Amino acid sequence: AFKLTPREKDVLELLCRGLSNKDISEHLGLQIVTIKLHIRGICRKLSVTNRTQAALKAASLGLVAANGHL
């Protein structure tokens, strides 16, 4: 299992819906730099190198449902 924090799960869910870092930051009320840190952590934990790979891997592993929800 992947040990994602609750906030990383929130970010991953929005990432999988196709939101930009800016949109994710506005949606969660966080700074863009914080979102980038969360995405970096997500990528490290999922062993991928970018946000697109993170979204694809999350979907393939069933970490997010087809509708983009965790």
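This tour moves through a predicted model, from a pair of packed helices to salt bridges and then to a loop.

**First stop: helix 1 and helix 3**

Select residues 6-16, which form helix 1, together with residues 32-46, which form helix 3. The axes of these two helices lie 9 Å apart and cross at an angle of about 90°. Angles of 65 to 115 degrees count as roughly perpendicular, and helix 1 and helix 3 are therefore described in that way.

Next, display the side chains where the two helices meet. On helix 1, select R7, E8, V11, L12 and L15. On helix 3, the partners are I35, H38, I39, G41, I42 and K45. Coloured by character, the residues of this contact comprise six nonpolar, two polar and three charged.

**Second stop: salt bridges**

Side chains of opposite charge can pair when their charged atoms come close. The model contains four salt bridges, and three are visited here, beginning in helix 1.

Keep R7 selected and add D10. Their side chains form a salt bridge, with 3.5 Å from N to O. Because R7 and D10 are three residues apart in helix 1, about one helical turn separates them. R7 is partly exposed, at 31% relative accessible area, and D10 is likewise partly exposed, at 32%.

Now select E13 and R17, whose side chains are joined by a salt bridge of 2.6 Å, N to O. Which of these residues is buried? E13 is buried, with a relative accessible area of 16%, which falls under the 20% cut-off. R17, by contrast, is partly exposed at 39%.

Proceed to helix 2, residues 21-28, and select K22 and E26. The salt bridge between their side chains spans 2.9 Å from N to O. K22 and E26 are four residues apart in helix 2, so about one helical turn lies between them. E26 counts as exposed at 52% relative accessibility, whereas K22 counts as partly exposed at 48%.

**Third stop: the loop between helix 3 and helix 4**

Select S47, which is located in the loop between helix 3 and helix 4. Most residues other than glycine have a negative phi. The phi of S47, however, is positive, near 60°. S47 is exposed, with 61% relative accessibility.

Finally, select N50 in the loop that leads to helix 4 (51-60). N50 is partly exposed, with a relative accessible area of 31%. A polar atom of the N50 side chain lies 2.8 Å from the backbone nitrogen of Q53. Adding L19 to the selection shows a C-alpha to C-alpha distance of 14 Å from N50, across 31 residues in sequence.

Methods: Residues numbered from 1 in each chain as written. Predicted model: local features only at pLDDT ≥ 70, side-chain atom pairs only at ≥ 80, totals over all residues. Heavy atoms only, no water. Axes fitted to C-alpha atoms, helices over the stretch in contact; angles between N-to-C directions. Parallel < 35°, antiparallel > 145°, perpendicular 65-115°, else oblique. Contact = heavy atoms within 4.5 Å. Nonpolar A, V, L, I, M, F, W, Y, C, P; charged D, E, K, R; others polar. Buried < 20%, exposed > 50% of the residue type's maximum accessible area, 1.4 Å probe, protein only. Polar contact = N/O pair within 3.5 Å; in protein donor to acceptor, adjacent residues only side chain to side chain.
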